[in-house]
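Student: I should like to go through this model term by term, setting each value against the definition behind it. May we begin?

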2 protein chains.
Amino acid sequence: MAVKAATTMDRRTGVALWRQIADRIRQGIAAGEFGEGGRLPPETALAERFGVNRHTVRGAIAALVQEGVLRAEQGRGTFVERRKRLSYPIARRTRFSEGLRDQAQDRRGHLLGETREDADTRVAEALGLQPGAPVLRVETMSEADGRPVSCATSWFDAARFAGMGEAIAETGSVTLAYRRHGVEDYFRQSTTVSARHADVGDLAALKLAPGAIVLVALAVNVDVEGRPIQFSETRFAADRVELAVAE
Amino acid sequence: MAVKAATTMDRRTGVALWRQIADRIRQGIAAGEFGEGGRLPPETALAERFGVNRHTVRGAIAALVQEGVLRAEQGRGTFVERRKRLSYPIARRTRFSEGLRDQAQDRRGHLLGETREDADTRVAEALGLQPGAPVLRVETMSEADGRPVSCATSWFDAARFAGMGEAIAETGSVTLAYRRHGVEDYFRQSTTVSARHADVGDLAALKLAPGAIVLVALAVNVDVEGRPIQFSETRFAADRVELAVAE
DNA sequence: AAATATTTGTCCGTATGTATT
DNA sequence: TAATACATACGGACAAATATT
C-alpha cells in the first residue's frame with residue numbers, strides 16, 4: 001500500500017486547494033524564488049512539492065495565468081510574467097501623473113460618477129464641516145499603461161466645489177479641476193494606510209481576481225491656507241502598486 | 001414560481017460561500033456598519049441580505065466567533081467584540097513604543113532570533129555595503145496589550161553592530177540597543193509600504209488565520225550623519241493596524 | 001533528419017465537500 | 001434529517017507542442 005505524501009495544505013479552511021497553491025506560488029514569485037523572468041518547475045514537480053494532484057496545480061496555474069502573473073506555453077513550460085510594481089509616492093505634494101511619470105508611458109484618470117449627499121461624521125470631520133452639510137461624492141479610477149492602478153472615492157464641500165466632477169471629467173486631472181475653482185496649489189495634510197480584501201466594487205473597477213488585496217489610503221488635501229478641500233479613500237491594487245513614503 | 005434573490009456571491013472563486021460572507025461581515029465591522037459594540041442582524045435577515053441559506057450564514061458566524069471577532073449568545077443575538085485598530089505612526093522619528101503610547105497599556109518587543117549572513121544585493125544597497133558583506137539578520141516581534149502587532153526582519157552591518165541581537169533582547173528596545181553601539185539618535189530615511197497575504201511564518205508569529213493580510217513596510221534608518229544603520233522589513237497584521245503617515 | 005524525452009493541454013471517471021431545498 | 005446539485009480534488013490515459021539527443 002502506497003503511503004500518501006503528507007499534504008501541507010489544509011482542506012477544511014473554506015479555501016480551495018488550488019487557491020491556496022496559487023497564493024503560495026504568487027508569494028514565491030514575489031520572493032524572487034524563480035529568478036528573473038523565471039520559469040516554474042513542471043506541473044508534476046509542483047504537484048509533488050505541494051502534495052496534491054497535478055490537476056490541482058493546473059487549477060492554481062490557470063488562475064495565475066488569468067491574473068496575468070504567469071504565462072504557460074505548451075511543450076515549453078510555465079513562465080513568470082515579469083512586471084515591476086509601480087511605486088506610488090506619498091508626499092506633501094502628491095499628484096497622480098507626476099509621481100508615475102518615469103514609470104509608465106500612459107497615465108490617465110477617469111470619472112466614474114458624481115453624486116450629491118450629506119456628510120457623515122467621518123467626512124464632516126475631515127473637511128471641517130458640520131455633519132449633514134452637503135458634499136459632492138466623486139468616484140474616480142486611474143490607470144497606467146492600460147492597467148488599472150487605483151480607484152477612489154473623494155468628498156468635496158458642495159458649496160465651494162460645485163461641478164467638481166464635471167471639471168475632473170473635462171480636464172482629466174484633479175489639479176486642473178482645482179484651478180477652475182480658484183485653488184492654485186494644494187498639499188497632502190495626512191495619509192493613513194491600511195489593507196483589506198477587495199470588495200466587489202474594487203474587483204470590478206480594478207479588474208482584480210476574487211481574493212485580491214487592496215491598499216487603502218485615507219487622505220486629506222488642504223489649500224495653501226490650510227483649509228481642507230478634499231477627503232478621499234483610494235484603493236490601490238496591492239499586487240501592482242507599492243506606496244513610497246517620502247520624508 | 002419564486003424568483004431567487006440575486007446572489008452577489010460567486011461560486012467558482014475557490015473560496016467557500018461561508019468564508020466570503022465571513023469576510024464581508026468582517027469588512028462591515030471594520031466600516032462601523034453595526035455601530036459601537038454593535039449587534040448583528042438576525043441570521044435570517046443576514047441570509048436574505050447575502051442571498052444565501054441561513055445555514056451558510058451560520059457557518060460564517062461560527063468562523064468569526066472562532067476568530068474572536070464575534071460573540072454569539074443564545075436567545076439574545078450575535079455581538080461585535082469591540083477592538084479598535086492601532087494606528088502606527090510612520091514619521092522621520094519612528095519609534096515603536098512611543099507611537100503606540102496612547103493606544104495600548106502594555107507594549108513590548110521580543111527577539112526571535114539572530115543570525116549572521118552575507119548581504120544580498122537588496123540589503124547591501126540599502127545599507128551602503130558591498131554585496132556579500134557580513135550582516136546581522138535579526139528577527140523580532142512586537143505586541144500591544146497581549147496581541148501580536150508586527151513581526152520584523154532587520155539587517156545591520158555586522159562590523160559596526162556586533163551583538164545587536166543580544167542588546168535588543170536585554171534592553172527590549174531597539175533605541176536602547178543602538179545607544180550601546182554609540183548611536184545616540186537615528187532617523188527614518190525611507191519607507192515603502194505594500195500588502196500581501198501572510199505567509200506561514202507570519203501566520204505563526206502574528207497568530208493570524210489563513211488568508212490573512214499583512215502590511216509590509218520596508219524601511220531604512222540612518223544615524224545623525226546620514227549613514228544607513230538598519231534595513232528592515234516589518235509585517236503588520238492588517239486587521240489590527242493602520243499606518244499613519246505624518247507629514 | 002529522426003527518434004526520444006519533456007512538458008503542457010484535454011478527456012474520462014470517481015469520490016468528497018459545500019450549499020440549497 | 002435526507003435528497004439533490006455543483007464545485008473541488010484525485011487518478012489515469014493520451015494528444016500536442018517543444019526540447020534534446
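Student: In which loop does Arg39(B) lie?

Tutor: Arg39(B) lies in the loop between helix 1 and helix 2 (43-50) of chain B. Helices here are DSSP runs of H or I with at least four residues, strands are runs of E with at least two, and both are numbered from the N terminus. The model is a predicted one, in which local features need pLDDT of at least 70 and side-chain atom pairs count only at pLDDT 80 or more, whereas totals for chains, interfaces and linings use all residues. Residues are numbered from 1 along each chain as its sequence is written, chains are lettered from A and ligands numbered from 1 in the order in which they are written, and side-chain values use heavy atoms, with hydrogens and water left out.

Student: Why is Arg39(B) called partly exposed?

Tutor: The relative accessible area of Arg39(B) is 46%. Buried means under 20%, exposed means over 50%, and partly exposed is what falls in between, with a 1.4 Å probe and protein chains only. The 46% of Arg39(B) falls between these bounds, so the residue is partly exposed.

Student: What makes Arg240(B) buried?

Tutor: Arg240(B) has a relative accessible area of 12%, which is under the bound for buried, so the label follows. This residue is found in the loop between strand 9 (228-237) and strand 10 (241-245) of chain B.

Student: With which residues is Arg240(B) in contact, leaving aside its neighbours within four places in sequence?

Tutor: Among them are Arg85(B), Leu86(B), Arg147(B) and Lys207(B). Contact means heavy atoms within 4.5 Å. For Arg39(B), with its neighbours within four places likewise left aside, the partners are Phe34(B), Arg76(B), Thr78(B) and Phe79(B).

Student: How far does the side chain of Arg240(B) reach to the backbone oxygen of Lys207(B)?

Tutor: The distance is 3.2 Å. A polar contact is a pair of N or O atoms within 3.5 Å; within protein, one must be able to donate a hydrogen and the other to accept it, and residues adjacent in sequence count only if both atoms are side-chain atoms. The 3.2 Å pair lies within that limit, so it meets the distance criterion.

Student: How do you know that the two copies are related as by a two-fold rotation axis?

Tutor: Chain A can be laid on chain B by a turn of 180° and a shift of 0.5 Å along the axis, with an RMSD of 0.8 Å. The two copies are therefore related as by a two-fold rotation axis. Superposition is by least squares on the C-alpha atoms of residues with pLDDT of at least 70 in both copies. The same surface serves both copies, as 94% of the contact residues of chain A recur in chain B. The residue of chain A that comes closest to the rotation axis is Val15(A), with its C-alpha at 2.3 Å.

Student: Which residues come nearest to DNA strand C?

Tutor: Of the 20 residues around DNA strand C, those are Arg54(A), Leu17(B), Trp18(B), Asn53(B) and Thr56(B). A residue is near a strand if one of its heavy atoms lies within 4 Å of it. Sugar and phosphate account for 70% of the atoms of DNA strand C within 4 Å of the protein. A backbone N or O atom of Leu17(B) lies 2.4 Å from a phosphate oxygen of this strand, and a polar side-chain atom of Thr78(A) lies 3.4 Å from a phosphate oxygen. Helix 3 of chain A gives the largest share of this surface, three residues.

Student: What lies 2.4 Å from a base oxygen of DNA strand D?

Tutor: An N or O atom in the side chain of His55(A) does. In addition, a polar backbone atom of Asn53(A) is 3.0 Å from a phosphate oxygen of DNA strand D, and a backbone N or O atom of Trp18(A) lies 3.3 Å from a phosphate oxygen of that strand. Helix 3 of chain A gives the most to the surface near DNA strand D, with three residues.

Student: Into which classes do the residues of the surface near DNA strand D divide?

Tutor: They are four nonpolar, six polar and five charged. Ala, Val, Leu, Ile, Met, Phe, Trp, Tyr, Cys and Pro count as nonpolar, Asp, Glu, Lys and Arg as charged, and the others, Gly among them, as polar.
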